[in-house]
Amino acid sequence: MKENRPDIPKQTSLPMRIFRFYRDGFRSMTIGRRLWLLILIKLFIIFFIFKIFFFPDILHRDYDNDRDRAAAVRSSLLDRR
Amino acid sequence: MNDLMSVVDWSRAQFALTAMYHWLFVPLTLGLSVIVGIMETIYFKTRSEKWLVITKFWMTLFGINFAMGVATGIILEFEFGTNWSNYSWFVGDIFGAPLAIEGLLAFFMEATFVAIMFFGWKKVSPGFHLASTWLTALGASISALWILVANAWMQYPVGMEFDPAQMRNVMDDFWAVAFSPVAIHKFLHAVFDGWVLAAVFVIGVSAWFLLKNTRRDLALKSIKVSGWVGLVGMILTLWSGDGSAVDVARVQPMKLAAMEGLYDGGRGQEIVGIGILDPSKERTDDKDPYLFKIAIPYGLSFLATHDINGFVPGINDLIEGREITAEGDTVKTVSYAERIARGKLAHEALRAFDRAMTADDEAAMESARADLKVNYPYFGYGYLDSVDEAVPPVGMTFYSFHIMVIFGSYLFLFLILAVYAVYRRPGWWNSRLLLWISILSVAVVWICSQAGWVTAEVGRQPWIIEGLMPTRAAVSAVSTASVQLTFWMFAVVFTCLLAAEAVIMIRFIGKESRTTDIDDGQPVDNNEY
């Protein structure tokens, strides 16, 4: 029976072991490299293009405080038909 | 008005597109994580290398799907702030709190345990790895819980009080929000639907291997595990669906009436199994709503009330406020005309509150607040000009519901057949007919799952928050052109990314179909991640 044993020496500090765990994991990826590339492209599009240029939070962009935002929503909801 | 309607329609289309896109991946993540967990548990118990290979294969497909779905849901939150700013302000922390919990849980649980799942082979003990796999499955389901709590609150708003000064619904009972029966049934229904979807996906991919006459051992073992997960998932989906039906009958009876195309209800109401609606039917005419139907006597009464003689109101009964008690007495509840009148009184009270606040008149503010509180349950009806505006699109709700039920019934029979064949008639898995049925069933299960959401969301129209806010009041004052632009940008960019990731998945399955099964004792060194 094959026994899986941890490869990382126990005497290394915990943060270093965690760092090496992720580093070795990312280095050994095959399909994962392409997937991560696509994930990074997706996150870039979402957060640096969509969010900044196309999906502003309208109330936070147009009003300075919660009182003004509440007044704007109240006015909008009472005028809306 | 026309421009406003365009903004509403385009904003709804964009939200629907984003949500349906997101829901392509979520149920597969929910179900495949459980199937992989069971497979790894078998490996852990038997230490058979065959099960290790099987576990790693499906874990890789889980990883590809996980990557495909990552962050697609974030766009929905952006849309709240941009296209639905009235709504997102109005709901306040009721919506924000569950989504914040979901975000934190998803990040910490999934980022940690998914990493151990994929990077942890030989780095952590087998027991710890197995625990991480199960915790990934648990984390995915807990994430789904908070999203569905937020959605359920829109269908059944509880646990809050409206504060006209803040113009927000303020949560005053977190547990009422988190554990409302609508939320619990919705959560269970969605999670078990994920089990069924993933099971049919595994059977479909396994059938592809069998069709190619390769990886026979992997395919048959995978069908055994996923077949059981699918069957159990289907039984639990039916059970939770029954709970949801009772909830809908109680808190959204208009949705139930639209799901069945029921204009005039009654006791001992039949349920339509298969039917075609008459598109020329008007609410107030005497035409038969159906051109064709096959119905089960007493079925709808039993589904909605668990009593074959229970009264199920139709669209007209609800509009007229007609109800029948358990004793058979006809009583009058709040008609829709009265709801509209009381909604307009609520608007007047809010206007009075606004004037009093501007004048800094505390006494007038308190008086207006009290008037508003009395009629607040009908606040959303104040936007309606006629009772017909409170009726959801009957055709779309009816057909999406029946597609879900018919496809779901088919999938139940398919899963029984798959399990029976793999245990008692393994030779049937040489039949090209069964293999092709299995492959095509993958499309059926996705359509079924999406149809369920179409029923839930179209059936609750015109409300974005049941009774409190119609969809048209929820949108921001943005231009139609800007929503159209982001709609097409999202559609094009994410379809390209979806295609790229689907190619990775198909190539991986194709590559695996060109390898052979291993024998026990043969070392497994491949790491496909």
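Chain A contains four helices and zero strands, and from the N terminus on its elements follow the order α-α-α-α. The model described here is predicted. Of the 81 residues of chain A, 33% count as buried.

The interface with chain B comes next. Here 46 residues of chain A are in contact with 70 residues of chain B. The area buried between chain A and chain B is about 5,200 Å², and carbon and sulfur atoms give 69% of that area. Between chain A and chain B there are 10 residue pairs in polar contact, both residues being at pLDDT 80 or more. On the side of chain A that touches chain B, the elements giving two or more residues are helix H1 (14-27), helix H2 (31-54), helix H3 (58-62) and helix H4 (66-79) of chain A. The most is given by H2(A), with 15 residues. By residue class, the side of chain A that touches chain B divides into 26 nonpolar, six polar and 14 charged residues.

Charged pairs also span this interface. Side chains of opposite charge can pair when their charged atoms come close. The count between chain A and chain B is two salt bridges. Arg74(A) and Asp354(B) meet through their side chains in a salt bridge, with an N to O distance of 3.3 Å. In addition, a network of salt bridges links Arg23(A), Asp24(A) and Lys123(B).

Asp354(B) leads to helix H13 (residues 336-358) of chain B. The 23 residues of H13(B) should span 33 Å at 1.5 Å a residue, and this agrees with the helix as modelled, because its end C-alpha atoms are 33 Å apart. Among the buried residues of H13(B) are Tyr336(B), Arg339(B), Ile340(B), Gly343(B), Ala346(B), His347(B), Leu350(B), Phe353(B) and Met357(B). An α-helix has 3.6 residues a turn, so residues three or four places apart point the same way. The cover over the buried residues of H13(B) includes H4 of chain A, as well as strand S1 (160-163), helix H10 (253-260), helix H12 (315-320) and helix H14 (362-375) of chain B.

Beyond H13(B), the chain passes through Asp360(B), which lies in the loop between H13 and H14 of chain B. The phi of Asp360(B) is near 60°, a positive value in a residue other than glycine. Asp360(B) counts as exposed because its relative accessibility is 61%, the cut-off being over 50%. A second positive phi, near 55°, belongs to Arg47(B), in the loop between helix H1 (2-46) and helix H2 (49-69) of chain B. Most residues other than glycine have a negative phi, and most peptide bonds are trans. The peptide bond from Gln461(B) to Pro462(B) is cis, with omega near 10°. Pro462(B) is placed in the loop between helix H16 (432-458) and strand S9 (463-465) of chain B.

Two of the elements that cover H13(B), strand S1 and helix H14, are also joined by a charged pair. Asp163(B) and Arg369(B) form a salt bridge whose closest N and O atoms are 3.2 Å apart. Asp163(B) lies in strand S1 and Arg369(B) in helix H14 of chain B, so the pair ties together parts that are 206 residues apart in sequence. Asp163(B) counts as buried at 14% relative accessibility, whereas Arg369(B), at 27%, counts as partly exposed.

A further salt bridge joins Glu512(B) and Arg215(B), with the closest N and O atoms 2.8 Å apart. Glu512(B) belongs to helix H18 (residues 480-513) and Arg215(B) to the loop between helix H8 (181-211) and helix H9 (216-251) of chain B, so this pair ties together parts that are 297 residues apart in sequence. Both Glu512(B) and Arg215(B) are buried.

Around helix H12 of chain B, Asn316(B) is buried, with a relative accessible area of 6%. Leaving aside neighbours within four places in sequence, Asn316(B) is in contact with Tyr263(B), Asp264(B), Arg283(B) and Arg322(B). Arg322(B) in turn forms a salt bridge with Asp317(B), the closest N and O atoms being 2.5 Å apart. Asp317(B) is buried, with a relative accessible area of 3%, while Arg322(B) is partly exposed at 30%.

Elsewhere in chain B, helix H15 (residues 394-424) holds Leu411(B), which counts as buried at 1% relative accessibility. Leaving aside neighbours within four places in sequence, the contacts of Leu411(B) include Val200(B), Met234(B) and Val444(B).

Note on methods:
Residues numbered from 1 in each chain as written. Chains lettered and ligands numbered in written order. Heavy atoms only, no water. Contact = heavy atoms within 4.5 Å. Buried area = accessible area lost by both parts, 1.4 Å probe. Salt bridge = Lys/Arg side-chain N within 4 Å of Asp/Glu carboxyl O. Polar contact = N/O pair within 3.5 Å; in protein donor to acceptor, adjacent residues only side chain to side chain. Nonpolar A, V, L, I, M, F, W, Y, C, P; charged D, E, K, R; others polar. Buried < 20%, exposed > 50% of the residue type's maximum accessible area, 1.4 Å probe, protein only. Expected span 1.5 Å × (residues − 1).
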